[in-house]
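Reader: I would like a close look at a single part of this model, the surroundings of the ligand. Please set out what lines them and how the parts behind them are arranged.

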Amino acid sequence: MTIWSPPTDDLILADDAVHVWRASLEVSSNRLQQLRECLTEDELSRANRFVFEKDRNHYITARGQLRELLSRYLSQKPADFRFEYTAHGKPSLIGDHALNFNLSHSGKLVLYAITRRRRLGIDIELMRPDFSGVEIAEHYFSKNEVAVFQRLPQNLRADAFFTCWTRKEAYIKAIGEGLSCPLDSFDVAFAPGEAPKLLANRINPDEVSRWSMVDFAAGDGYKAAMCIEGLNLQVSSWQFLT
Ligand SMILES: CC(C)(COP(=O)(O)OP(=O)(O)OC[C@H]1O[C@@H](n2cnc3c(N)ncnc32)[C@H](O)[C@@H]1OP(=O)(O)O)[C@@H](O)C(=O)NCCC(=O)NCCS
């Protein structure tokens, strides 16, 4: 069970800490307009490229709230932040901030993870029971993971599928490589009750001792996981309030 606490006014992000924020993507039209106003031209043109209004609004909401969150940690106005992107699309803050973040959205929720001087990735998925069969697992999971998945009784598979998916996705987002990282080159723990962990990386075996994984109960029907560089970190979970 994750407790999503209301934030205190004097949030302190220690060097060995990570703050995870849960927020809704469903906002009023006034609030949407307020969030839109802190986006840059390139973010607005990206928003305008979404075909569906819902996706456009979710992007604006996720970006605007990210800017508001960052301004809690850095004395800058939400509209003043500038982002740069890796070749694989991972955003980071421009400037000497030493603040790292990652975000993920699915369904009606967005999660943000914020830390200092550590790579990290977070993933949330609204579980779709029709999307958790063996064929799909064979496509996305490693051979070892597929073998674990196939040994599970049918009634545990949907849950385990999304546990594995979010943990793998959190790792590829943490290293920032997106889908250019071969999904069969590493294994995560995901059997029911198994603690989140990177179990093996066949390209770089040292990776296993470099990363921590944490799960979050974000809401009914959702799975979420974070992967972060370093061990024994202090994890806090906050509910974003508007
Ligand atoms: C780019 C990618 C991160 C998108 O993931 P996604 O699940 O569609 O979307 P999420 O909501 O979790 O994350 C999107 C956010 O991650 C960030 N992001 C984008 N590229 C990223 C990258 N290479 N690394 C880390 N974070 C990235 C952005 O902030 C983005 O939000 P924005 O578009 O609003 O700016 C990539 O990993 C991907 O395409 N995954 C496809 C899913 C898949 O096959 N997963 C296999 C798991 S077994």
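Author: **The shell around the ligand**

The shell around the ligand draws at least three residues from each of domain 1 (17-123 + 231-239) and domain 2 (124-229); the domain bounds come from an automatic or database domain assignment. This is a predicted model, in which local features need pLDDT of at least 70 and side-chain atom pairs count only at pLDDT 80 or more, while totals for chains, interfaces and linings use all residues. Residues are numbered from 1 along each chain as its sequence is written.

The ligand is surrounded by 22 residues, of which Gly89, Lys90, Ser104, Lys173 and Gly178 are the closest. A residue is near a molecule or strand if its C-beta atom, placed from the backbone, lies within 6 Å of it. Sorted by class, the shell has nine nonpolar, eight polar and five charged residues. Here Ala, Val, Leu, Ile, Met, Phe, Trp, Tyr, Cys and Pro count as nonpolar, Asp, Glu, Lys and Arg as charged, and the others, Gly among them, as polar.

At least two shell residues come from each of helix 3 (53-73), strand 4, strand 6 and helix 6. Helix 6 gives the largest share, five residues. Helices (H or I, at least four residues) and strands (E, at least two) are DSSP runs, numbered from the N terminus.

Strand 4 belongs to an open sheet of four strands with the order 4-5-1-11 and mixed pairing; two strands pair if DSSP finds at least two bridges between them. Strand 4 and strand 11 are at the edges with a single partner strand each, so one side of each has no neighbour in the sheet. On average, neighbouring strands of this sheet are turned by 15° against each other, direction ignored. Axes are lines fitted to C-alpha atoms, for helices over the stretch in contact, and angles run from 0 to 180 degrees between N-to-C directions. Strand 4 and strand 5 run antiparallel and are joined by eight bridges. His105 stands opposite Val110 in strand 5. Helix 3 lies across strand 1, strand 4 and strand 5, at about 30° to strand 5.

Strand 6 is part of an open sheet of three strands, in the order 6-10-9 with antiparallel pairing. Its edge strands, strand 6 and strand 9 (211-216), each pair on one side only. Strand 6 is joined by seven bridges to strand 10 (residues 222-229), and the two run antiparallel. Gly121 stands opposite Cys227 in strand 10. Helix 6 (residues 154-175) packs on this sheet and touches strand 6, strand 9 and strand 10; its direction makes about 150° with that of strand 6.

The two domains that supply the shell also meet directly. Their centres, taken over C-alpha atoms, are separated by 23 Å. In domain 1, 26 residues are in contact with 27 residues of domain 2, where contact means that the C-beta atoms, placed from the backbone, lie within 7 Å. On the domain 1 side, two or more residues each come from strand 1 (17-24), strand 4 (99-106), strand 5 (109-116), strand 6 (120-126) and strand 11 (234-239). By class, this side has ten nonpolar, eleven polar and five charged residues. Strand 4 and strand 6 therefore appear in both lists, as elements that give residues to the domain 1 side and to the shell around the ligand, under the definition of strands as DSSP runs.

Terms used. Contact = placed C-beta atoms within 7 Å.
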